[in-house]
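Please open the model in a viewer and keep a selection tool ready. The tour below proceeds from the whole chain to individual residues.

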Amino acid sequence: MTSETRRPAQRKLTRKGQETRRRIVAAAATLMYERGVTEATLEDVRAAAGVSGSQIYHYFADKQELLLAVIEFQTEAVLDMQKPLFAGLDTMKGLRQWRDALVEYQLRLQCRGGCPIGSLGSEIAETNPEARLAAASGFLRWESAIREGLQKMHDRGELDTDPDDLALALLAALQGGLLLTQLQRQVRPLEVALDSMLDHVEECMKRA
């Protein structure tokens with residue numbers, strides 16, 4: 001079934017309907033995060049969310065539509081967690097506070113799970129073009145939030161480098177650090193990746 005033939009996910013719902021739909025998406029997000037997209041069946045989601053099969057199909061035409069909702073859900077969760085810190089990314093102090101918060105979060109998770117968007121993206125990148133684009137869009141939103149702070153530094157004449165390239169490099173370092181942190185079960189890869197990039201930012205500021 002194509003995206004054109006699926007029922008619209010954005011149709012107006014009652015408050016109860018919104019809560020039920022969100023419960024289904026949250027349950028699916030947890031299962032897909034823990035087991036993978038393929039292993040998390042709609043029956044598993046139904047049981048975890050405490051809904052009937054007909055309720056799932058009332059809100060989602062198929063598993064693909066649910067997967068796209070999960071990608072959006074995980075994107076919002078990742079960005080919302082960092083939102084209070086994004087406003088400070090136009091200073092070195094704010095950038096290092098952001099770095100510390102990301103490291104601390106991985107410590108609380110015991111370095112398990114990696115990045116929710118990245119985990120989904122790597123699983124579906126070669127088999128599901130629509131979901132790949134949705135995950136890529138989530139990363140673009142993340143990159144944009146980082147770039148906004150760097151752009152302010154550049155506009156003030158404090159940063160002697162391209163904010164676009166620097167934001168992409170920071171996000172790439174973050175993702176690589178998260179993957180190695182997940183595999184090694186220690187935060188050092190994330191710390192090294194982010195510290196190296198932030199040291200580079202500081203050097204660019206000295207040249208400005």
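## A loop residue to begin with

Select Gln110, which is exposed, with a relative accessible area of 56%. The model is a predicted one. Gln110 belongs to the loop between helix H5 (92-108) and H6. Its phi is near 60°, a positive value in a residue other than glycine.

Move next to Arg185, in the loop between H8 and helix H9 (188-207). Arg185 also has a positive phi, of about 55°, although it is not a glycine. With a relative accessible area of 42%, Arg185 is partly exposed.

## The whole chain

Now zoom out and colour by secondary structure. The protein chain contains 9 helices and 0 strands, and from the N terminus on its elements run α-α-α-α-α-α-α-α-α. Taken along the principal axes, the box filled by the C-alpha atoms is roughly 60 × 35 × 30 Å.

Switch on the surface. The accessible surface of the protein chain is about 11100 Å², and carbon and sulfur atoms hold 52% of it. Of the 208 residues in the chain, 43% are buried. If contacts with a separation of 6 or more are displayed, 72% of them are between residues 24 or more positions apart.

## The nonpolar core

Hide the surface and select Ile24, Leu66, Trp98, Trp142, Ile146, Leu150 and Leu174. These are the residues with the most contacts inside the largest nonpolar core, which has 61 residues. Which helix gives the most to this core? It is helix H4 (residues 63-86), with 9 residues.

Centre the view on Trp98 and show its surroundings. Residues up to four places away in sequence left aside, Trp98 touches Gln82, Leu85, Phe86, Leu89, Trp142, Ile146, Leu170 and Leu174. Among these partners, Trp142, Ile146 and Leu174 appear in the list of core residues with the most contacts.

## Salt bridges between H4 and H7

Next, display the charged side chains. Side chains of opposite charge can pair when their charged atoms come close. The whole structure holds 15 salt bridges; the following stops visit some of them.

Select Arg141 and Glu72. Their side chains meet in a salt bridge, at 3.4 Å from N to O. Arg141 lies in helix H7 (residues 129-155) and Glu72 in helix H4, so this pair ties together parts that are 69 residues apart in sequence.

Keep Arg141 selected and add Glu76. Arg141 forms a salt bridge with Glu76 as well, the closest N and O atoms being 2.7 Å apart. This pair likewise links distant parts of the chain, with Arg141 in helix H7 and Glu76 in helix H4, 65 residues apart.

How accessible are these side chains? Arg141 is partly exposed at 33% relative accessibility. Glu72 is partly exposed at 38%, and Glu76 is partly exposed with a relative accessible area of 28%.

Stay in helix H7 and select Glu143 and Arg147. Their side chains form a salt bridge at 3.5 Å, N to O. The two residues are separated by about one helical turn because they are 4 residues apart in helix H7. Is Glu143 buried or exposed? At 12% relative accessibility, Glu143 counts as buried, whereas Arg147 is partly exposed, with a relative accessible area of 24%. Returning to the earlier group, salt bridges that share partners join Glu72, Glu76 and Arg141 into one network.

## The loop before H7

Step back along the chain to Asn128, in the loop between helix H6 (116-124) and H7. Asn128 counts as buried, at 13% relative accessibility. A polar atom of the Asn128 side chain lies 3.1 Å from the backbone nitrogen of Ala131. With neighbours within four places in sequence left aside, Asn128 is in contact with Gln64 and Leu67.

## A nonpolar patch on the surface

For the last stop, restore the surface and select Leu179, Leu180 and Leu183. Together these residues make a nonpolar surface patch of about 300 Å². Leu183 lies in helix H8 (residues 163-184). Leu183 is exposed, with a relative accessible area of 61%.

Methods: Residues numbered from 1 in each chain as written. Predicted model: local features only at pLDDT ≥ 70, side-chain atom pairs only at ≥ 80, totals over all residues. Heavy atoms only, no water. Patch = residues over 30% accessible without salt bridge, like charges linked within 9 Å, V, L, I, M, F, W, Y side chains within 5 Å. Areas by Shrake-Rupley, 256 points an atom, 1.4 Å probe, with all protein chains shown as cover. Salt bridge = Lys/Arg side-chain N within 4 Å of Asp/Glu carboxyl O. Buried < 20%, exposed > 50% of the residue type's maximum accessible area, 1.4 Å probe, protein only. Core = buried A, V, L, I, M, F, W, Y, C linked by side-chain atoms within 4.5 Å. Contact = heavy atoms within 4.5 Å. Polar contact = N/O pair within 3.5 Å; in protein donor to acceptor, adjacent residues only side chain to side chain.
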